Structure formats: structure tokens, C-alpha cells
Amino acid sequence: MQLKNPRELVTATVLLAVLGLAAAARCDGALCDKSDKAALLAVKSALGDPPALSGWNSTAACCSWAGVSCNATTGRVTDLTVFALNISAPVPAAIANLTALRSVNLAYNRLHGGIPAFLGPRALPDLTFLRLDGNRLSGPVPPTATVFNLLLAGNQLTGQLPGTFAGAVFGDVDLADNQLTGDASVLFGAKKQLNALRLSRNRFEFDLGRVELPEAMDILEIDHNVVYGSIPAAAAARKWLAFDVSYNRLCGPIPQGRYTHRFGPKHFAGNMCLCGRPLPPCS
Ligand SMILES: *[C@@H]1O[C@H](CO)[C@@H](O)[C@H](O)[C@H]1NC(C)=O
Ligand SMILES: *[C@@H]1O[C@H](CO)[C@@H](O)[C@H](O)[C@H]1NC(C)=O
Ligand SMILES: *[C@@H]1O[C@H](CO)[C@@H](O)[C@H](O)[C@H]1NC(C)=O
Ligand SMILES: *[C@@H]1O[C@H](CO)[C@@H](O)[C@H](O)[C@H]1NC(C)=O
């Protein structure tokens, strides 16, 4: 471009500035959905405007905010992480407006109150990962929380598992260190995708001898419950990464296999009448 006089220069400069602003606005729009941004600001406010989230402000594009990730094409928020910030608040209702969320991680805060029903695929259809462990959440696990990776350990949850869990598809379920009761055998089944199940230190009560181990399961930690029956014979053939059935009411011979042998007596102790290696022989 050849500029012949100052007036043209001014015009060109203004034009370039306008183009630049338009590009920035378009860019911001592309990188950050407007209503998602409003929802995030409502989340921040509901969490009590913690100093750690001071970078969540209306001037910066929301997809660049700490703990926020977006789909680069749509600008929708897909991942929300507010981890270990010692925040004391209920789970913010505004999260329900982030309808493209795939993962939510609010672990290790001091969140209290119940787990809201919107934290599941009914309200958030793409949600496959939910971490709320290490908070002070109370009340029941909602029937809508059928999220593939469901990590709710270390709260104060009570009651039984919802009936909807029997037909749900789970991969990783961690409900350890709550006060949950009743039957957890609905999570098992030969055709299930469940690969990790942690139920330690609750009051679950069911017959382990009657469950079918899901094919992919290689982590089973059910210690300190009221589980009865025997250890399924199929356990002998599994390549366990973690296995702990201690402090239940189990009975009968421990199925003998290379991988159950990796775990010492501590993982079987405190039952009614389990026997055989690594415990004393059955009489
Ligand atoms: C907004 O956040 C950015 C960091 O993302 C920070 O540099 C800026 O100072 C903040 N602005 C306000 C007004 O807080
Ligand atoms: C982003 O969203 C578009 C439209 O919904 C989808 O086709 C694409 O797979 C998404 N990208 C990623 C990386 O998930
Ligand atoms: C967490 O917050 C509480 C008050 O809500 C405070 O008493 C406590 O010291 C904080 N803990 C840490 C590690 O900051
Ligand atoms: C969700 O978004 C709608 C529409 O913008 C708004 O009216 C509503 O208050 C939002 N909900 C929460 C809990 O912020």
C-alpha cells in the first residue's frame, strides 16, 4: 500500500486498528463462549471469589483461565478444575449452565451440602469424569450421577447406591471413606466395563461370592465393609494392580493365583474365616 498524504495514513491506521479489534473480538468469541463465560463468573462468585481465581476476570478470554479448558472450535468449556483451594461453599448451581462439560474436578476443597442432580449425563450429556473427593459433601449419591469415572471418596455421603447404578456404564468408581450402606453388587457383572472399584471404609453389605468380576477389573478395594460370602474363584486368574478385601465378613479358601499372591496377609486379614495362602491353611 502506497500512502500519498497524512490523511490517507490516518485512514489506514484507523482501518488497521478497526480490523485488529474485530480480529481480537472474533478471536475472543471463538475461544470463549459468551454464556459459558457468564456461567464461570457465576461459579467464581458462588465459590466466594477465592483469591486463587482472581485471574478469572471479564477481560481475559475464559478459555485461558486457570482450570478451564475449551473446545477450540466451539469455544465451549469442556473441563473445569478447581482443585485443592480449601474453598468452603456448596457446589455452585451455575455449573449446570456449562452444558458442554466433559470433566469436573472440584476435589480437595471444603465443599458442603449435597451432590447436585445436574452433575450427570442427563443435564451435562458429555460429562464422563467427576471428581469431588476430599470434600465435606453429605446426603445420598444422586441417581443422576451415572458418570463413567465417578470419584466421590472422602466425603460424608450416606444411604444406598441408587437403583440407576445397576444399568449404568462405569469405568472407575471410587466411593471410599464415606458412610454408604447396602448392596454394591449391582456394580459388578461380567459384561461391565468397570476396571477400578474402591469402596473401602463404608458399610456396604453384599455377598461377594455371587458377583461376576467385570472382565477389565484389575483394582478391587472393598476393605472395612460388611461384605460376606467368599472370594470368587475367577479372582485367581486376574492381574490385580490392587486388591484388598480385609476387614469384612468373608469366609472360605482364598483363590490361589499368581496375582493374588502378590498381596500379603494384610489384604485378607480381619474376616470371619478366610483361609489359605497368604493366610494360615484351611483346616
Ligand atoms: C485479569 O486476569 C489477568 C490474568 O489472567 C491479570 O493479568 C489481570 O490483572 C486481571 N485483571 C483484573 C482487573 O483483575
Ligand atoms: C469440538 O466440538 C466439535 C463440535 O461439537 C466436535 O466435532 C469436535 O470433536 C470437538 N473437538 C474436540 C477436540 O473434542
Ligand atoms: C482452610 O480454610 C479454613 C477456614 O475456612 C481455615 O481455618 C484453614 O486454616 C484453611 N486451611 C488451609 C490449609 O489453608
Ligand atoms: C443459567 O443461565 C440462565 C440463562 O443465562 C440464567 O438465567 C440462570 O440464572 C443461570 N443459572 C445459574 C444457576 O447461574
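## Helix 2 and its buried face

Helix 2 buries Asp 36, Lys 37, Ala 39, Leu 40 and Val 43. Look down the helix axis and these buried residues sit within an arc of 160°, so they line one face of helix 2. Flip to the other side of helix 2 and you find Lys 34 and Ser 35, which are exposed. Keep in mind throughout that this is a predicted model.

What covers that buried face? Strand 1 (68–70) and strand 2 (77–81) are among the elements that cover the buried residues of helix 2. As for its geometry, helix 2 runs over residues 34–46, which makes 13 residues. From first C-alpha to last, helix 2 reaches 18 Å, close to the 18 Å expected at 1.5 Å a residue. Just after helix 2 comes Gly 48, with a positive phi of about 85°.

## Around ligand 4

Helix 2 turns up again here: Ser 35, one of its exposed residues, is also one of the residues around ligand 4. The others in that shell are Ala 42, Ala 93, Ala 94 and Asn 97. Sorted by class, the shell around ligand 4 holds three nonpolar and two polar residues, and no charged ones.

## The parallel sheet

Now for the strands. Five of them form an open sheet in the order 4-6-8-10-12, and the pairing is parallel. The edges belong to strand 4 (112–113) and strand 12 (203–204); each has a single partner strand, so one side of each is left without a neighbour in the sheet. In general, strands of a sheet pair through backbone hydrogen bonds, either parallel or antiparallel.

Let's walk across it from strand 4. Strand 4 and strand 6 run parallel and are joined by two bridges, with His 112 partnered by Arg 136 in strand 6. Strand 6 (residues 136–139) is in turn joined to strand 8 (residues 156–160) by two bridges, again in parallel; here Ser 138 has Gln 156 of strand 8 as its bridge partner. Moving on, strand 8 pairs with strand 10 (residues 179–182) over three bridges, also in the parallel sense. In that pairing, Gly 159 stands opposite Leu 180 of strand 10.

## The chain as a whole

Zooming out, the protein chain has two helices and 17 strands. It is 283 residues long, and 35% of those residues count as buried. How much of the contact map comes from residues 24 or more positions apart? Taking contacts in the protein chain with a separation of 6 or more, such pairs account for 35%.

Technical notes
Residues are numbered from 1 along each chain as its sequence is written. Chains are lettered from A and ligands numbered from 1 in the order in which they are written. This is a predicted model: local features need pLDDT of at least 70, side-chain atom pairs count only at pLDDT 80 or more; totals for chains, interfaces and linings use all residues. A residue is near a molecule or strand if its C-beta atom, placed from the backbone, lies within 6 Å of it. Ala, Val, Leu, Ile, Met, Phe, Trp, Tyr, Cys and Pro count as nonpolar, Asp, Glu, Lys and Arg as charged, and the others, Gly among them, as polar. Two strands pair if DSSP finds at least two bridges between them. Helices (H or I, at least four residues) and strands (E, at least two) are DSSP runs, numbered from the N terminus. A residue is buried if 20 or more other C-beta atoms lie within 10 Å of its own, exposed if 12 or fewer, and partly exposed in between; C-beta atoms are placed from the backbone. Two residues are in contact if their C-beta atoms, placed from the backbone, lie within 7 Å. The expected span of a helix is 1.5 Å times one less than its number of residues. The arc is that of the directions from the helix axis to the C-beta atoms.
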